[in-house]
Every structure is written in structure tokens, then in C-alpha cells.
Amino acid sequence: MTSGRPVGSQPAQRSSPGLPRPTAASRTESSALALGLGGAVVGVAVGLLALDGTAPLSGDRSIGQVAAASSALTAGTFAAVGMAVLLPRRHPWVRTVPLLRRALTIVGPALVFAALALLLTSAMYGLLQQAFLGVALDRFASTFWVAATTGLWAYIVSASASALDGRSLATLLMVFLTVGVLASAMLSPDPYWWERYFSRLGEDPGSAGRTFNLTLLLTGLAFVAVGDFVAHDLERWAAASGAAPWSVHVVRGTLVVLGLLLALVALISRAVSVPWHDVVAQLLVVVFGLALIVFPLLLRRLPGVLLVFTAIAFAILIMLIVLFVVVGYLNMTAFEMGAAVTMYVWLLLFIRTVSAAAEGTETAEVPAEPARADAAPTTP
């Protein structure tokens, strides 16, 4: 007897039952969880060494102070190591970036993660102290909360650093800038600082001034990394759309100049030099205004919605100048805040649009799978 199987064919092998192979996403999540546990261990060591006896939730030598320092140190270190190891694997083009820029691409965001952990942890424990007035914990309970906070930040930063791209980095800088400025305003010894000018926060020699200037400095340094991510996305988009390659260098150079000017605003505060601070701040607004004009001309094939938002942002900037200089309706603080919000919202939309356009070119370039010659014909 002959079997129904064609002559010469091999019997189909049964797939051996077993666990499915872990995917890249599951391995990344497992690594983030492992680093979170490592952060908790670091928190235990820091808590046992720094805390002695009963401690309040907030204030000097408090749980919040130790937890903020431990979280900042762990977040910065884990972010730097994670980006140094994982970023070239996720984005191989990072290896082609010059060494100095590659170092800034890692160090800038890592310092932002560390400062954000410091500010948010301090604010969280300050709110908890207000909610639970008079609460003080012993050494072991205090160490537990330090470990829990440090481990949480280690997990969040590890997961975020492994998935870093242009869009997520721009969003991170927006959140960090908002948190840093609000923290500086709340720490300011002058409750009516807003009646003078926005840079008044940077003049304070205490914690308010340090927080404000550090926020601007780290945001400016991290903008170098944003420029590299945007340039890479624009190169992919330009290759697919036929745009001029030199326009990519113009856009990246403009973003880097904006970041450097923002860092100079922090380094040359009004407490250092009023004339030079004003010159740098005015240059920042001028370069941003030029970007609103030049970018749409260079990148005319980007989605039309971005061009509409660009026109709106330019109109808002002109309106702010008229209301401040000509009409006198706005004071210096309102003008600076309006210009800053307009600039960062437009930059966030621009970066996200460029990244989405680059991803669209990847999808469009995927060739259709050719039909197999031995495929069975379809039946109607």
C-alpha cells in the first residue's frame, strides 16, 4: 500500500513544545526590572549610611532629602550607562557621530534624568510632609522608603533610556524645563519676582537661582542630542523625498545654536552681566524667529499641518513683540514666558513631525513580497 504522501517528500516534523523565545521588548523590560532592583539595593545602602535615628519626611537630614540624592545619583548613572550600551544598539547611526557630540548625546540627557529625579522626589516628599504633619519614621522604615524611591526611579530611567528617540527626548526636555522653572519660582525668596522679568529667578544667589540656571543649562546641553536625532530623521526623510541634503545640516546647526544660546543664558545670568545676558536672550529670540521662516522654506515637503502651526507660531511671536514694545500691554515676564512657551511647543511639534515623517519613509520603502512560483493557484 502506498501512503497519501507524495514520493520523496519528508514527513512534517512536529514542533517541539516549549516556551516561546523571549522578544526584544521582553528582554528590555526584564533588564529594566533588574536595574530597578539594583537601584533599590543602592537605596538600602544609602539609607543605612545617611539616616541615623528618627527622620521627618522633608527638610534637612530628612527621608526626602536622602531619597532625592540617592535617586538623582542612581538615575544619572543608570541613564548614562544604559544609553552608552543600548543607544548604539537601537540607533546604530550613533556610532558615526563624532566622539564629543556622542558624549554630549549621553551626558546631557543623563544629567536631565538626574536633575528631574532630584526635583520631583523633593517635591513629592514635601507634599507628603504637608499631608502627614508631624510624621517621623525610624531608621529602618526610612531606609525602606529611600530604597523604594530609588528603585522606582532606576526602573523608570532604565526603561526610558532604552527607548530614547527624538520624540521622547523632546518631551523629556519639555517636562524637565517646566518642572525646573516651577521649582525655582516656588523657591524664590521674592514672591513678586514676576513683576520684574523672567530672568529675575536666575539672579537669586540661593537655591532658586541655582535651580533656574541649572535647568536652562542642562536643557541647552541636551539640545545637542536633539539636534543629532532630528538630523538623522531628516536625512532619512530627505533621501526618500528628494529634499536637498544640505538643508539637514542647516536645521541641525540651528537647533544646536538654540541649545548653546539657552545654555549661555544660564551661564551669563543678570547677576554676572546684565548687557551680555540681554544680548544672548535677544539672540535666542532672533534665531528662533529665523528658524520659523527658514525651516518651512527648506522643508516644504513636510506635512502641511506643520506649516500651518509654523505660521501660527510666527504670528504669536510678532503679536507678543507688538504687545510688549509698541502697546506696552505685557511686562517683561509675560513677554519672555510667552516667547518661551511658543518656542518650545513649536519645537516639540516640529521634532515629532520630522520623526513621524521619517518613520513613514521606512514604511513606504518596504518592498512587497514577490509571489512564489510554486504557489498554488487560488480558487474562485
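This section describes the fold, the nonpolar cores and the two largest pockets of a predicted model.

The chain comprises eleven helices and two strands, and these elements follow one another along the sequence in the pattern α-β-α-α-β-α-α-α-α-α-α-α-α. Of its 380 residues, 43% count as buried, while the exposed surface of the chain amounts to about 20,800 Å², of which carbon and sulfur atoms supply 69%. Among contacts with a sequence separation of 6 or more, 77% are accounted for by residues 24 or more positions apart.

The largest nonpolar core contains 76 residues, and within it Val230, Trp346 and Phe350 touch the most other members. Helix H7 gives the most to this core, with 13 residues. Apart from it lies another core, of eight residues, which include Ala55, Ile63, Tyr125 and Val146. In the 76-residue core, the surroundings of Phe350 can be described individually: when residues up to four places away in sequence are left aside, Phe350 touches Val230, Val251, Phe295, Leu299, Leu302 and Leu306. Val230 is thus both a partner of Phe350 and, like Phe350 itself, one of the residues that touch the most other members of the core.

The largest pocket encloses about 870 Å³ of space. Its lining consists of 34 residues, with Phe198, Glu336, Met337, Ala339 and Ala340 lying nearest the centre of the pocket. At least two lining residues are supplied by each of the helices H5 (166-187), H7 (207-241), H8 (246-267), H9 (274-298), H10 (304-327) and H11 (332-365), and among the contributors H11 gives the most, with ten residues. In composition, the lining of the largest pocket divides into 27 nonpolar, four polar and three charged residues.

The second largest pocket holds about 520 Å³ of space and is lined by 18 residues, of which Leu119, Ser122, Ala183, Leu187 and Thr211 lie nearest its centre. Helix H3 (99-131), together with H5 and H7, figures in this lining, each of the three supplying at least two residues; the largest share, seven residues, comes from H3. The residues lining the second largest pocket divide into 13 nonpolar, four polar and one charged. Helices H5 and H7 therefore contribute at least two residues apiece to the lining of the largest pocket as well as to that of the second largest pocket, and H7 is also the element that gives the most to the largest nonpolar core.

Key
Residues are numbered from 1 along each chain as its sequence is written. This is a predicted model: local features need pLDDT of at least 70, side-chain atom pairs count only at pLDDT 80 or more; totals for chains, interfaces and linings use all residues. Side-chain values use heavy atoms; hydrogens and water are left out. On a 1 Å grid over the protein atoms alone, a cavity is a set of points where a 1.4 Å probe fits but cannot get out, and a pocket is an open set with protein on both sides within 12 Å along at least five of seven lines; lining residues have an atom within 4 Å of a point. Grid points are joined across faces, edges and corners, and a volume is the space filled by probe spheres set on the points. Helices (H or I, at least four residues) and strands (E, at least two) are DSSP runs, numbered from the N terminus. Ala, Val, Leu, Ile, Met, Phe, Trp, Tyr, Cys and Pro count as nonpolar, Asp, Glu, Lys and Arg as charged, and the others, Gly among them, as polar. Buried means under 20% relative accessible area, exposed over 50%, partly exposed in between (1.4 Å probe, protein chains only). Contact means heavy atoms within 4.5 Å. Accessible areas come from the Shrake-Rupley method with a 1.4 Å probe; for residues, only the protein chains shown count as cover. A nonpolar core is a set of buried Ala, Val, Leu, Ile, Met, Phe, Trp, Tyr and Cys residues joined through side-chain atoms within 4.5 Å.
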